[in-house]
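Reader: Could you take me on a close look at the largest cavity in this protein? I would love to hear what lines the space and which parts of the fold supply the lining.

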Amino acid sequence: MAGLFLGPSLAWANAQQTEIALNGGNEDAQLFGLVAPNPGLELKLSGPLKLITLDFAEEPGDVWADIRKGFSIPDLETPAIKVRERALLKNKRLVNTMLQRSEPYIYFIAQECAKRGMPSELALLPFIESQFNPHARSPSAAEGLWQFIPSTGRQFDLKQNTWVDERRDLVASTRAALDYLTYLYDMHGDWHLALLSYNWGEGSVLRAVKKAQEAGLEPTLDNLELPLETKHYIPKLQALKNLIQNPERFGTTLPKFPNKPYFAEIKRSSDVDLREIARLAGVELEIIRKLNPGLNQPILYAAHSNTLLVPIEYSAKIQASLSVYKPPKPQRSYTVRKGDTLGEIAARFDVSVKALQRLNGLGKKKLIKPGMKLGIPNAPKPGNWES
């Protein structure tokens, strides 16, 4: 779970609670149960000395082959990892469900890692954080694929309001997570310590490292005083990495996801009722929701989010429906008062300034004046995804 500058007690509680989000269900169904021997993990410098470059001259058969090419964090072998591997072997059905669930997101995340020269192991972190469920929510209020708590989300400019929660938005949350991981790696110069910090908070890890060093100890997992969930964070990732590297050893066949984009981005400057778009396109609303989990309502409010993600296989239908979509006609008006600004009027009616300008033919040279009547665009009727 991503955490920034958390106090020791809060960070400890958040780390322990996050385990529930990953290990939901009964004990037999836990992929990463907490029972494990003392692992004795050596935390050595593990960051790449130069940027990772991927050769796309020959496109691999699927996304997993491309991800394997970008593995660069040194492998570890500890008893704790063996425990995690046995959990994966024991729960093949849940593993396959988790792998299938990653389809809309994994290629994009892996490509974002590659663009930044970051190890592709980081693309596997949402398996640990949320089981690749963008609607996952922990008891500590962490949300999304990357499990940002509200405060850390705000630190990395993830909007959280009535209309959107970008902690659940694929593009925005991935950008924030990789920004945070880059910051942590620059701080420690070590991907293992960076990963521990992502889970527990960098302040807590720095204090644990300092305490070990003051006692004359190396900063190994045995010597760092870590909460149990954080102590097993890296073994979980290593076990998953081993599965992706050699699925046959786990009796698993990785799903065949093509090594190409799953979705297209559509920019919108006006509000859109996605329920109507789905109806016009003849597609299920859930198809649109799956790629736009950051929207709190089935409405794309341009003032808060101007990008719609749609599966490439349905993009032509959805584009066609957008071209014939007719937003509600303006039915409201407002008489400008002395001291009013367009920004204040837009906020009052929950519309964008651009929408007001466009509807009323306003521009930089045409200013509002007291007594002027403005048409107010009608936004689509709010609702919920299930209605």
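**The largest cavity**

Author: Happy to. The largest cavity holds about 80 Å³ of space, and please keep in mind that the model is predicted. The count comes to three cavities of 30 Å³ or more.

Let's go round the wall. The lining of the largest cavity is made up of Ile 73, Pro 74 and Leu 76, then Glu 121, then His 192 and Leu 195, and finally Ile 234, Leu 237, Gln 238 and Lys 241. Two elements each give two or more residues to this lining: α9, which spans 191–200, and α12, which spans 233–245. Of these, α12 brings the largest share, with four residues.

Now for the chemistry of that wall. Six of the lining residues are nonpolar, two are polar and two are charged. Ile 73, Pro 74, Leu 76, Leu 195, Ile 234 and Leu 237 are the nonpolar ones, while His 192 and Gln 238 count as polar and Glu 121 and Lys 241 as charged.

Stepping back to the setting, the protein has 17 helices and six strands. Of its 387 residues, 54% are buried. Among contacts between residues at least 6 apart in sequence, 74% join residues at least 24 apart. On the outside, the protein exposes about 18,100 Å², with carbon and sulfur atoms supplying 52% of that area.

Terms used
Residues are numbered from 1 along each chain as its sequence is written. This is a predicted model: local features need pLDDT of at least 70, side-chain atom pairs count only at pLDDT 80 or more; totals for chains, interfaces and linings use all residues. Side-chain values use heavy atoms; hydrogens and water are left out. On a 1 Å grid over the protein atoms alone, a cavity is a set of points where a 1.4 Å probe fits but cannot get out, and a pocket is an open set with protein on both sides within 12 Å along at least five of seven lines; lining residues have an atom within 4 Å of a point. Grid points are joined across faces, edges and corners, and a volume is the space filled by probe spheres set on the points. Buried means under 20% relative accessible area, exposed over 50%, partly exposed in between (1.4 Å probe, protein chains only). Contact means heavy atoms within 4.5 Å. Accessible areas come from the Shrake-Rupley method with a 1.4 Å probe; for residues, only the protein chains shown count as cover.
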